[in-house]
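Please walk through this structure with me, beginning with single residues and moving on to the contacts and the pocket that they help to describe.

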Amino acid sequence: MTVNTVGRFERALEGLEVGLERGAAADATERIETIVAEPAIGAPLPFDGVSLPGGVTTEPTTAELEA
């Protein structure tokens, strides 16, 4: 990702009610576990050694999305 792509992403988040954190990949799994509120839906993460907590659904059903 180039700086321009990251910058555009950050600016897009400014208008939404979401937070942004930067951190090392080595700390990501623990940080995600700390901030996620279940039930949660997420996307598979493409980083080695980084995973989502067990309660995060990555392939939600229609019913899960509606709930």
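## From helix 2 outward

At 49% relative accessibility, D27 counts as partly exposed, because that class covers the values between buried, which is under 20%, and exposed, which is over 50%. The model in which this value was computed is a predicted one. D27 lies in helix 2, and its C-alpha atom is 20 Å in space from that of V6, a residue 21 places away in sequence.

T29 also belongs to helix 2, but this residue is buried, with a relative accessible area of 17%. Which residues does T29 touch, once its neighbours within four places in sequence are left aside? T29 is then in contact with G49, V50 and S51. With S51 there is also a pairing of polar atoms, in which a polar atom of the T29 side chain lies 2.9 Å from the backbone nitrogen of S51.

The loop between helix 1 and helix 2 includes A24, which counts as partly exposed at 43% relative accessibility. The C-alpha atom of A24 is separated by 33 Å from that of E66, and the two residues are 42 places apart along the chain.

The loop between helix 1 and helix 2 also takes part in charged pairings, and the structure holds two salt bridges. In one of them, the side chains of E10 and R22 meet with a distance of 2.0 Å from N to O. This pair links distant parts of the chain, since E10 is in helix 1 and R22 is in the loop between helix 1 and helix 2, with their positions twelve residues apart in sequence. Are these two partners buried, partly exposed or exposed? E10 is partly exposed, with a relative accessible area of 23%, whereas R22 is exposed, with a relative accessible area of 64%.

The salt bridge between R31 and E21 has its closest N and O atoms 2.7 Å apart. Here too the pair links distant parts of the chain, with R31 in helix 2 and E21 in the loop between helix 1 and helix 2, ten residues apart. R31 itself counts as partly exposed, at 35% relative accessibility.

We can now turn to the pocket. The largest pocket has a volume of about 900 Å³. Of the 21 residues that line this pocket, L20, E21, R22, G23 and F47 are the closest to its centre. E21 and R22 are therefore found both in this group and in the salt bridges already described, E21 with R31 and R22 with E10, where each pairing satisfies the limit of 4 Å between nitrogen and oxygen.

Which helices supply at least two residues each to the lining of the largest pocket? Helix 1, which runs over 3–14, and helix 2, which runs over 25–35, each do so. Helix 2 gives the most to this lining, with six residues. By chemical character, the lining of the largest pocket divides into 14 nonpolar residues, two polar residues and five charged residues.

A last feature concerns the backbone. Most peptide bonds are trans. The bond that joins E38 and P39, however, is a cis peptide bond, with omega at about 5°. P39 lies in the loop between helix 2 and strand 1, a strand that covers 40–41.

Conventions:
Residues numbered from 1 in each chain as written. Predicted model: local features only at pLDDT ≥ 70, side-chain atom pairs only at ≥ 80, totals over all residues. Heavy atoms only, no water. 1 Å grid on protein atoms, 1.4 Å probe; cavity = no way out; pocket = protein on both sides within 12 Å on 5 of 7 lines; lining within 4 Å. Points joined across faces, edges and corners; volume = space filled by probe spheres on them. Helix = DSSP H or I, 4+ residues; strand = E, 2+ residues; numbered from the N terminus. Nonpolar A, V, L, I, M, F, W, Y, C, P; charged D, E, K, R; others polar. Buried < 20%, exposed > 50% of the residue type's maximum accessible area, 1.4 Å probe, protein only. Polar contact = N/O pair within 3.5 Å; in protein donor to acceptor, adjacent residues only side chain to side chain. Contact = heavy atoms within 4.5 Å.
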